[in-house]
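Open the model in a viewer and keep the sequence panel beside it. The stops below say what to select and what is found there.

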Amino acid sequence: MSKILLTGATGYVGGTTLDQLIKSTEPSLKSLTIDTLVRTDDQAQKLRDAYGARVNPIKWVGLEDTAFIVDTAANYDIIVNTGSGFIPAGALAFVDGLARRAKAGGPAPWLLHIAGCTNLADRPLTQEAYPLREWDDERDAGAIFDFMKEADALEPYAQRTTEVGVLEAAAASGVQAVSLNTPLIFGEGTGLFNRAGLVIPISMRYIVQHGYGFKLLDTANFDYVHVVDLADLYVLLVRAILERPNRGVGFIPTGREGVLFPAVARVLMTEIAQRCLDAVFSAGVLPRDGTPQEKEIRQASLQEIADELMFGLVDVAERGWAGHKAMKGTVARKLLNWKPTRLEEAWRQEFEDEFVALRDGRRGITLDACIGIRTT
Ligand SMILES: NC(=O)c1ccc[n+]([C@@H]2O[C@H](COP(=O)([O-])OP(=O)(O)OC[C@H]3O[C@@H](n4cnc5c(N)ncnc54)[C@H](OP(=O)(O)O)[C@@H]3O)[C@@H](O)[C@H]2O)c1
């Protein structure tokens with residue numbers, strides 16, 4: 001039986017992916033035990049309590065412990081690397097471990113990686129803007145990798161360094177690696193720990209706190225995917241490896257061509273702010289004393305947004321909140337029959353749900369704390 005390891009079980013994507021893998025009734029998956037790397041005993045216990053023998057938590061220090069990762073990875077046939085995609089050395093250590101296994105002559109080992117669409121974004125406020133650029137994972141297979149590699153040589157960006165490095169090292173060492181380069185992820189996760197995405201909760205909180213939304217650039221865009229649809233795609237990839245002849249080798253694109261886009265639809269960043277405003281105004285939380293009485297999206301400066309929302313990381317703020325990163329995902333639908341089901345209606349509903357999650361204290365911050373002293 002194939003040995004599977006998953007990282008990120010305590011996170012939004014990894015937790016949901018683990019949950020979907022375990023809940024799957026497919027014959028190839030339903031009796032599989034999945035090993036997970038976690039950092040605390042409490043996390044391990046919670047996973048065991050929920051999933052019993054289907055999950056085997058293993059304690060680790062984290063992605064910084066590369067020697068441990070190499071030794072551990074060498075024991076697996078499939079690694080689903082859905083934890084942080086921002087630590088190149090840790091991700092490369094998984095490839096090194098799998099390469100050791102490949103050299104030992106076993107079946108071709110697989111790494112299913114996660115990255116994000118900011119790897120493709122321009123920096124339109126400080127460098128040349130490409131507002132009309134759109135990448136297609138079928139038409140531009142190979143070119144996407146080449147673009148990211150070239151861009152990263154000029155200006156390293158940790159998540160991109162990781163994605164390019166993993167695909168390249170894997171191709172050079174007999175490891176099969178494919179990366180889901182992911183757009184904005186929305187929807188409530190189904191894992192046991194973090195169940196929230198990033199962009200919409202951050203936008204919602206900003207609006208509740210300030211009383212208005214912000215924009216950096218009118219044309220800034222994002223594609224989106226629901227977290228469960230994304231997890232379903234990881235499940236399809238694992239199934240293809242377990243079920244197909246030759247374990248999916250030659251079928252699932254890998255290496256230079258192994259960047260897939262799990263993208264469903266595209267919006268402007270201003271639409272996200274507008275939908276958050278609509279949710280907060282219709283809940284009656286805005287307007288309040290001292291805030292604009294009408295829904296407003298104000299121009300903000302890059303530095304202000306980097307400082308307030310992105311830990312001072314100007315480049316990450318620019319790629320995410322100002323950047324153009326349009327992606328068309330074709331390959332997963334054609335090849336794996338991926339059929340995302342949480343589409344526009346789920347997207348619209350998301351803003352009401354996120355407001356309720358914030359109001360009910362499920363986003364690590366209460367509404368009172370969000371609004372601060374201004375209402376008292
Ligand atoms: N969320 C999005 O909207 C989005 C969009 C595009 C791409 N992505 C990609 O998806 C990845 C996962 O995102 P997420 O939303 O699932 O994040 P998340 O909920 O914050 O989860 C992050 C996971 O990574 C683990 N982790 C973080 N730093 C680590 C370290 N140094 N060593 C070991 N484990 C570490 C965390 O484990 P602990 O609990 O032990 O800290 C947790 O399991 C991101 O890094 C990014 O590359 C996310």
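**First stop: helix α1**

Select glutamine 20 and show its surroundings: leaving aside neighbours within four places in sequence, glutamine 20 is in contact with Thr190, Val228, Ala231, Asp232 and Val235. Keep in mind throughout that this is a predicted model. Glutamine 20 belongs to helix α1, and its relative accessible area of 17% makes it buried.

Now select threonine 17, which is also placed in α1, the helix of residues 12-23. Is threonine 17 buried or exposed? It counts as buried, at 0% relative accessibility. Residues up to four places away in sequence aside, threonine 17 touches Leu6, Val80, Thr82, Ala231 and Tyr234. Ala231 is thus on the contact list of threonine 17 and on that of glutamine 20.

**Helix α8 and the loop after it**

Select residues 227-243, which form α8. This helix has 17 residues, and its first and last C-alpha atoms are 24 Å apart, close to the 24 Å expected at 1.5 Å a residue. Colour α8 by accessibility: 13 of its 17 residues are buried, so the helix is largely enclosed by the rest of the structure.

Move on to arginine 247, in the loop between α8 and β11 (259-260). Its phi is positive, about 55°, although the residue is not a glycine. For reference, most residues other than glycine have a negative phi. Arginine 247 has 17% relative accessibility and therefore counts as buried, the cut-off being under 20%.

**Strand β7**

Select serine 179 in strand β7, residues 176-182. Serine 179 counts as buried, with 0% relative accessibility. Which residues does serine 179 touch, not counting those up to four places away in sequence? They are His113, Ile114, Ala115, Glu163, Leu167, Gly258, Val259 and Leu260. Draw a distance from the C-alpha of serine 179 to that of threonine 254: the separation is 8.1 Å in space, with the two residues 75 apart in sequence.

**Helix α7**

Select residues 199-210, helix α7. Its end C-alpha atoms are 16 Å apart, which agrees with the 16 Å that 12 residues should span at 1.5 Å a residue. How many of the 12 residues of α7 are buried? The count is 11, so α7 is largely enclosed by the rest of the structure. To highlight the buried ones, pick Val199, Ile200, Pro201, Ile202, Ser203, Met204, Tyr206, Ile207, Val208, Gln209 and His210. Step past the end of the helix to glycine 211, which follows α7 and has a positive phi near 90°.

**The cysteines**

Show the sulfur atoms of cysteine 117 and cysteine 276. Why is there no bond from the sulfur of cysteine 117 to that of cysteine 276? The sulfur in cysteine 276 is the closest cysteine sulfur to that of cysteine 117, yet it is 17 Å away, too far for a bond. A disulfide needs the two sulfur atoms within 2.5 Å, and by this rule the count comes to 0 disulfides. Both cysteines are buried: cysteine 117 at 2% relative accessibility, and cysteine 276 with a relative accessible area of 0%.

**A cis peptide bond**

Go to the loop between α9 (269-282) and β13 (297-299), where proline 287 lies. Show the backbone from leucine 286 to proline 287: this peptide bond is cis, with omega near -5°. By way of background, most peptide bonds are trans.

**Last stop: α10 against α11**

Select helix α10 (residues 302-309) together with helix α11 (residues 314-322). Their axes come within 9 Å and cross at roughly 105°, which means that α10 is roughly perpendicular to α11. Display the side chains at the contact: α10 contributes Leu302, Gln303, Ile305, Ala306 and Leu309, and α11 contributes Val314, Ala317, Glu318 and Trp321. Coloured by type, these contact residues divide into 7 nonpolar, 1 polar and 1 charged.

Finish in the loop between α10 and α11, at phenylalanine 311. Phenylalanine 311 is not a glycine but has a positive phi of about 55°. Is phenylalanine 311 buried or exposed? Its relative accessible area is 80%, so phenylalanine 311 is exposed. Arginine 247, the earlier stop with a positive phi of about 55°, counts as buried instead.

How values were computed: Residues numbered from 1 in each chain as written. Predicted model: local features only at pLDDT ≥ 70, side-chain atom pairs only at ≥ 80, totals over all residues. Heavy atoms only, no water. Buried < 20%, exposed > 50% of the residue type's maximum accessible area, 1.4 Å probe, protein only. Helix = DSSP H or I, 4+ residues; strand = E, 2+ residues; numbered from the N terminus. Expected span 1.5 Å × (residues − 1). Axes fitted to C-alpha atoms, helices over the stretch in contact; angles between N-to-C directions. Parallel < 35°, antiparallel > 145°, perpendicular 65-115°, else oblique. Contact = heavy atoms within 4.5 Å. Nonpolar A, V, L, I, M, F, W, Y, C, P; charged D, E, K, R; others polar.
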